[in-house]
Amino acid sequence: MSMNLEREKAQLPMVDLAPVRSSVITKLLYGGMVVSMLAAFYFIFMYAEIEKTMGAVQKIFYMHVPSAWVAFLAFFVTFVFSILFLVKRKRIFDTYAYVSAEIGVVFTAIVLTTGPIWAKSSWNTWWAWEPRLTTTLILFFLFMAYLMVRQMDGVWDKKARLAAVFGIIGFADVPIVFFAIRWWQSKFHPIVFGEGPSQQGGGIAPSMLVALLVTITAFTFLYAYILHKGVSFENMRIKVGHYKEKLRERLEN
Amino acid sequence: MGFMYAAYSVVWVIIFGYMLLIGKRHNSLKKDIEFLKQLDR
Amino acid sequence: MLRTALTIAKKDIYSELRTKQVLGTMIIFAGLVILVLSFAFDPANNTTKAVIPGAVWIIIVFSGILGLNRSLVSEQRNDTMHGLLVAPMDASSIYLGKFLANFSMILVVELVSIPFLFLLFDFKITGSILYFILVLFVGSFGFIAIGTFLAALASNSKSSEMLLPLLLFPMTSPVLIGVTQATKIILTNMEKLPTAIAWLQLVTAYDVIFFVLCFLLIEYVLEV
């Protein structure tokens with residue numbers, strides 16, 4: 001009996017860590033996300049002027065572009081943490097890379113669904129094999145493949161190593177894909193549809209630009225919040241896994 | 001206009017869907033913890 | 001390093017020549033792809049000529065994937081991977097050797113299947129054959145370089161046959177785009193040759209970048 005008590009005491013701290021502790025950072029990120037999201041909605045619907053030719057439909061832009069930005073940011077973060085993992089071999093880097101890639105896939109899915117909706121309303125076609133669209137699609141496939149590598153069987157550090165290698169190569173591939181597709185398309189369709197901010201350039205009204213920047217900030221906060229939450233959750237899962245392993249060992253003996 | 005509503009709803013469906021997925025994982029983990037605690041006792 | 005790589009390549013090719021299992025499968029598979037293509041695109045129809053340059057790459061990609069799958073999985077299955085890793089050589093020379101073996105195999109497949117394709121579809125080359133061979137060489141180089149690397153990565157998984165295409169196709173999309181465009185120009189209208197050369201340059205740049213990258217990263221993939 002006394003042994004039992006002792007064991008419980010030794011084990012409990014590990015379990016106690018399990019419920020999510022809302023640290024200062026979580027609260028800060030959560031607050032920032034909520035405030036900036038509300039501000040973003042105000043700016044989108046109240047502040048920004050309505051586009052003359054496209055009308056209210058143009059407001060899809062404020063969801064589409066920030067999602068694309070977050071998607072690319074997420075994959076960049078995956079890339080950076082993959083390199084860090086290969087150099088330092090700390091598990092936390094791998095966790096960051098994984099969670100970030102997953103969020104990236106979610107936001108790429110947003111880009112890939114809002115894009116066609118917008119395209120249907122303004123170009124009257126669901127899909128155009130346009131450089132940015134196609135690159136986003138290939139990016140989506142690349143990081144689905146990244147998640148597939150993570151689903152592999154085996155010990156975690158092997159999976160982490162392979163996933164990190166794939167993350168690096170995949171990210172290095174993206175610019176080349178973009179150039180290749182842009183080149184390919186410009187041979188057949190000399191007019192490239194303006195969609196991203198770089199192509200609209202000076203054509204964007206200042207109020208729209210402000211709204212866009214606010215939305216990008218809001219989405220970045222959202223990303224940071226989900227990333228933080230996802231990483232703390234992943235850590236918890238790892239801890240529970242360790243705990244399970246120990247418990248099993250004890251039960252076997 | 002309809003397109004805008006469609007796009008916005010799709011965006012939020014995806015984001016909340018993802019949140020829901022996270023929540024589901026959370027719950028299953030919690031269940032796991034409860035089970036482990038019981039085993040430990 | 002080159003010597004050890006050549007040794008590995010020689011070993012692979014010898015064992016392949018002894019069984020002729022993979023090479024035979026790849027060539028038969030290429031023939032089957034041609035057969036399926038003839039069902040999909042009526043060979044008697046003149047518009048079919050437009051898809052032949054693309055068909056060349058369909059054949060190479062699909063039969064290439066078969067060979068790539070085998071080359072590292074067989075090492076894993078027979079547990080000779082450890083032997084290779086323990087041997088006094090770099091991981092990069094293993095990669096180089098495997099790459100050379102795969103590359104020579106795909107060249108053999110191309111040598112057999114592409115004339116066959118042109119023959120069966122009655123395709124008359126109006127462009128230059130020399131440039132066509134160059135395109136084939138550069139394109140296969142990129143495809144096999146990154147393919148060997150990803151095959152090494154995927155061979156750690158139990159379902160590597162399913163995993164490899166998922167990893168390989170999006171990754172090689174720039175090569176495939178460039179090379180199909182260049183092939184189309186070179187085989188049908190030579191007036192646009194500068195464009196084809198530009199495509200070739202892009203694919204070559206890709207080849208160089210990824211060959212170096214794979215060389216640097218293979219150490220992490222083949223770690224025990």
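**Helix packing and chain contacts**

Start with chain C, where α1(C) passes α5(C) in a right-handed crossing. Keep in mind that this is a predicted model. For the complex, the predictor reports an ipTM of 0.85 and a pTM of 0.84. Below is a quick tour of chain C, then the contacts of chain A, then chain B.

**The α1/α5 pair in chain C**

- Helix α1 (residues 2-19) of chain C packs against helix α5 (residues 91-120) of chain C with 7 Å between the axes and an angle of about 40°.
- That angle makes α1(C) oblique to α5(C), since about 40° falls outside the under 35 degrees that counts as roughly parallel and the 65 to 115 that counts as roughly perpendicular.
- On the α1(C) side, the residues that meet α5(C) include C:T4, C:L6, C:I8, C:D12, C:I13 and C:E16.
- From α5(C), the partners include C:I94, C:L96, C:G97, C:K98, C:L100, C:S104 and C:M105.

**Chain C as a whole**

- There's no strand here: chain C has 9 helices and 0 strands, and the order from the N terminus is simply α-α-α-α-α-α-α-α-α.
- The radius of gyration of chain C is 18 Å, which agrees with the value near 17 Å for a compact globule of 224 residues.
- If you want a box for the C-alpha atoms of chain C, it's roughly 55 × 35 × 30 Å along the principal axes.
- Of the 224 residues in chain C, 48% count as buried.
- Take the chain C contacts with a separation of 6 or more, and 86% of them join residues 24 or more positions apart.

**Confidence in chain C**

- Mean pLDDT for chain C is 87, and 100% of its residues score at least 70.
- Among the elements of chain C, helix α6 (residues 129-154) of chain C has the highest mean pLDDT, at 92.
- At the other end, helix α4 (residues 81-86) of chain C has the lowest, at 80.

**Chain A against chain B**

- In this interface, 26 residues of chain A are in contact with 19 residues of chain B.
- On the side of chain A that touches chain B, α1 (2-16), α4 (91-122) and α8 (206-252) of chain A each chip in at least two residues.
- α4(A) gives the most to that side, with 9 residues.
- Two of these helices also pack on each other: α4(A) and α8(A) have axes 9 Å apart and an angle of about 130°.
- α4(A) and α8(A) are therefore oblique to each other, and α4(A) passes α8(A) in a right-handed crossing.
- The α4(A) residues that meet α8(A) include A:Y96, A:Y98, A:V99 and A:I103, while those on the α8(A) side include A:Y223, A:I226, A:L227, A:G230 and A:V231.

**Chain A against chain C**

- Here 26 residues of chain A are in contact with 22 residues of chain C.
- α5 (131-150) and α6 (156-188) of chain A are the elements that give two or more residues to the side of chain A that touches chain C.
- The largest share of that side, 17 residues, comes from α6(A).

**Chain B on its own**

- Chain B has 1 helix and 0 strands.
- Its C-alpha atoms fill a box of roughly 60 × 5 × 5 Å along the principal axes.
- Of the 41 residues of chain B, 12% count as buried.

Conventions. Residues numbered from 1 in each chain as written. Chains lettered and ligands numbered in written order. Predicted model: local features only at pLDDT ≥ 70, side-chain atom pairs only at ≥ 80, totals over all residues. Helix = DSSP H or I, 4+ residues; strand = E, 2+ residues; numbered from the N terminus. Rg over C-alpha atoms; globule rule 2.2 N^0.38 Å. Buried ≥ 20, exposed ≤ 12 C-beta atoms within 10 Å, placed from the backbone. Contact = placed C-beta atoms within 7 Å. pLDDT = per-residue confidence, 0-100. Axes fitted to C-alpha atoms, helices over the stretch in contact; angles between N-to-C directions. Parallel < 35°, antiparallel > 145°, perpendicular 65-115°, else oblique. Left-handed = near helix turned anticlockwise from the far one by under 90°.
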